[in-house]
Amino acid sequence: MGADAVLVCDPDETTLGASAVLIEDGVIAAIGELDGMRATHSDLQVLDGAGCVLLPGWINTHTHLAMNIFRGLTDDVTLEVFLQRSVAAEVDPLTPELVATGVRAALAECLLGGTTGALDMYFFHESAAAHIAHCPASNLKLACGIAPVARMLEEGVDVACGTDGAASAGALDMLQSVRLAALLAKGQTQSPTAIPAYRAIRMATADAARALGWEAVGQIAVGMRADLQLIDLGSAATAPWHDPAARVVYSAGAYDVRHVIVDGAVVVRDRELRTIDVTAALADLQVAADQAAAVVARLAAS
């Protein structure tokens, strides 16, 4: 695949100009010029990335995928009320079948937004003890405070981005988390240089992979697994072409993700998810959500 820029997401925060990445057996085999790869691989299949920046897929270090069943049912309430209703409601309607329904729709949302990996707290409760998962949208929505992330990073604490669940955050939008991580740090410290754009991106890619112990993803390098996304920076909201990292963080949205690759396979092509029937997944989600709504309404009335 080719792209107009590549964010490697290494510690040096390397940005490559127009480049191509060769994928073989799910692994990044080469990084270089597309014409050279065409010359040495007669059967090369090229994924068009014109106008796009290539970067690792987002890694969500803290989420509750099936909480999308409760999205919109516990908004604009205190943290105490949110917990009382959502935790109590989870005990009643969340059968394994309903969890699977929620997860399927959540995975569709994640993949379409460029997320290629996630720590789902429904199934995997442990996380690396020395790392902090920063979920700014959920914290803001529930008025839980603003984590001093800039200071944490200065003191050597490892911080990675997450979303929390869709019921508390509103969406499983990792790009939103990245943007908020950068902007909140600037406002909190009164310093516009706090957590620059590329640093925020690393918090959701390389740093997130390290937090979860996933050594084979999170950077674009030969030998790494090909979990990648291409974000289109050619829209009216992102043009003109300057500093691709800043354009991703401050201008782009989840809807600008054009292609997504997981383990070398193209799962989103031209913004169309190829591995999940989105229409069916959303229809099933609505049925599950209607059941959850009845439980939440009963709890609210009690």
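User: In this predicted model, which helix gives the most to the lining of the largest cavity?
Analyst: The lining of the largest cavity is made up of His134, Ile146, Ala147, Val149, Ala181, Leu184, Ala185 and Gln188. Four residues of this lining come from one helix, spanning residues 174-189, and no other element gives more. The element asked for is helix 7.

User: How do the residues of the lining of the largest cavity divide into nonpolar, polar and charged?
Analyst: The largest cavity has a volume of about 30 Å³, and the count of cavities of 30 Å³ or more comes to one. Among its lining residues are Ile146, Val149 and Leu184, together with His134 and Gln188. The division is six nonpolar, two polar and no charged.

User: What is the volume of the largest pocket, and which residues lie nearest its centre?
Analyst: The lining of the largest pocket consists of 17 residues. The volume of this pocket is about 430 Å³. Nearest its centre lie Ile23, Leu44, Gln45, Val46 and Gly264.

User: Which strand supplies the largest share of the lining of the largest pocket?
Analyst: Strand 4 (19-24) and strand 13 (265-269) each supply at least two residues of this lining. By character, the lining residues divide into nine nonpolar, four polar and four charged. The largest share amounts to four residues, and it comes from strand 4.

User: Are helix 3 and helix 11 parallel, antiparallel, perpendicular or oblique to each other?
Analyst: The axes of helix 3 (residues 96-112) and helix 11 (residues 278-301) come within 9 Å and cross at roughly 135 degrees. An angle from 65 to 115 degrees would count as roughly perpendicular and one over 145 as roughly antiparallel. The crossing angle of roughly 135 degrees is in neither class. The two helices are therefore oblique.

User: Is the crossing of helix 3 and helix 11 left-handed or right-handed?
Analyst: The two axes come within 9 Å. With regard to the sense of the turn, the crossing of helix 3 and helix 11 is left-handed.

User: Which residues make the contact of helix 3 with helix 11, and how do they divide by character?
Analyst: On the side of helix 3, the contact is made by Leu98, Thr101, Gly102, Arg104, Ala105 and Ala108. Helix 11 contributes Val278, Ala281, Leu282, Asp284, Leu285, Ala288 and Gln291. The residues of this contact divide into eight nonpolar, three polar and two charged.

User: Where is Arg274 found, and how many Å separate it from Ala108, C-alpha to C-alpha?
Analyst: Arg274 is found in the loop between strand 14 (272-273) and helix 11. Leaving aside residues up to four places away in sequence, Arg274 touches Val266, Val267 and Arg269. Arg274 and Ala108 are 166 residues apart in sequence, and their C-alpha separation in space is 9.7 Å.

User: Which two residues does a cis peptide bond join?
Analyst: The second residue of the pair, Pro240, is found in the loop between strand 11 (228-232) and helix 10 (244-250). The omega angle of the bond is about 0 degrees. The residues joined are Ala239 and Pro240.

User: What is the phi of Gln190?
Analyst: Gln190 has its place in the loop between helix 7 and helix 8 (197-203). Although Gln190 is not a glycine, its phi is positive, at about 60 degrees.

Note on methods. Residues numbered from 1 in each chain as written. Predicted model: local features only at pLDDT ≥ 70, side-chain atom pairs only at ≥ 80, totals over all residues. Heavy atoms only, no water. Axes fitted to C-alpha atoms, helices over the stretch in contact; angles between N-to-C directions. Parallel < 35°, antiparallel > 145°, perpendicular 65-115°, else oblique. Left-handed = near helix turned anticlockwise from the far one by under 90°. Contact = heavy atoms within 4.5 Å. Nonpolar A, V, L, I, M, F, W, Y, C, P; charged D, E, K, R; others polar. 1 Å grid on protein atoms, 1.4 Å probe; cavity = no way out; pocket = protein on both sides within 12 Å on 5 of 7 lines; lining within 4 Å. Points joined across faces, edges and corners; volume = space filled by probe spheres on them.
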